[in-house]
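Biologist: I would like a close look at one part of this structure, followed by a connected account of the surroundings. Please keep the description plain.

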Amino acid sequence: MFMGTYEHGLDAKGRVIIPAKYRENLGESFVVTQGLDGCLFAYPMEEWEGFVSKLRELPGTKEARKLQRYFMAGAAPCEVDKQGRVLIPGHLREKAALEKDIVFVGVLSKIEIWSKERWQENDDYDNVDDIAEHMSELGLNF
């Protein structure tokens, strides 16, 4: 399980250090694909294979095909080097507007990879009452 938020810088070659707390669960090779809300998703191979299985089970509707293409077309296998760095492919860096400052966010079975600017725009948790209301609507009680 992934949790926590970590910041790292992207080097001139498009490489970034994977946070040490994530490396063991992520593995030496994993998949990065387009995410939602302007970020990328990084999946350990086992989680990726489970996700792909769910995509395969979708009906043959136009919406399902679009969803399959969205996640599969840009997906790229990535490997961690001996320094703990990974090269994020250029097309994915472009999609997520990754230029210098990167934020890694652990979200259960995957990692979200954000540009710091986009993360700050989306990290809007100022109104705790709104969060509590949404939790209740989803059946999450504390």
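Which residues form a nonpolar patch on the surface, and what is their accessible area together?

Modeller: This is a predicted model, and what follows is computed from it. The nonpolar surface patch consists of Met1, Met3 and Leu108, whose accessible area together is about 390 Å². Met3 sits in strand S1, which covers residues 2-9. Its relative accessibility is 58%, so Met3 counts as exposed.

Strand S1 also takes part in a salt bridge. Glu7 pairs with Lys116, and the closest N and O atoms of the two are 3.2 Å apart. This pair connects distant parts of the chain, since Glu7 belongs to strand S1 and Lys116 to helix H5 (residues 116-122), with their positions 109 residues apart. The two partners fall into separate accessibility classes: Glu7 is exposed because its relative accessible area is 51%, while Lys116, at 27% relative accessibility, is partly exposed.

In total, the structure has 3 salt bridges. One of them joins Asp11 and Arg15, with the closest N and O atoms 2.7 Å apart. Asp11 has a relative accessible area of 26% and is therefore partly exposed. Arg15 is likewise partly exposed, at 22%. Another salt bridge is made by the side chains of Arg85 and Asp81, at 2.8 Å from N to O. Arg85 is partly exposed, with 22% relative accessible area, and Asp81 is partly exposed as well, with 28%. As a general point, side chains of opposite charge can pair when their charged atoms come close.

A patch of positive charge is also present on the surface, where Lys62, Arg65, Lys66 and Arg69 gather. Lys62 is part of helix H3, made up of residues 62-73. With a relative accessible area of 53%, Lys62 is classed as exposed, because the class begins over 50%.

Pro44 gives a buried counterpart to these surface positions, as its relative accessibility is 9%. Pro44 is located in strand S4 (residues 40-44). Leaving aside residues up to four places away in sequence, Pro44 touches Phe2, Asn25, Leu26, Phe30 and Ser109. Arg93 lies 49 residues from Pro44 along the chain, and the C-alpha atoms of the two are separated by 19 Å.

To return to the part you asked about, the nonpolar patch is formed by Met1, Met3 and Leu108, and Met3 within the patch is exposed.

Conventions: Residues numbered from 1 in each chain as written. Predicted model: local features only at pLDDT ≥ 70, side-chain atom pairs only at ≥ 80, totals over all residues. Heavy atoms only, no water. Patch = residues over 30% accessible without salt bridge, like charges linked within 9 Å, V, L, I, M, F, W, Y side chains within 5 Å. Areas by Shrake-Rupley, 256 points an atom, 1.4 Å probe, with all protein chains shown as cover. Salt bridge = Lys/Arg side-chain N within 4 Å of Asp/Glu carboxyl O. Helix = DSSP H or I, 4+ residues; strand = E, 2+ residues; numbered from the N terminus. Buried < 20%, exposed > 50% of the residue type's maximum accessible area, 1.4 Å probe, protein only. Contact = heavy atoms within 4.5 Å. Lys, Arg positive; Asp, Glu negative; His and termini not counted. Charge placed at Lys NZ, Arg CZ, Asp CG, Glu CD.
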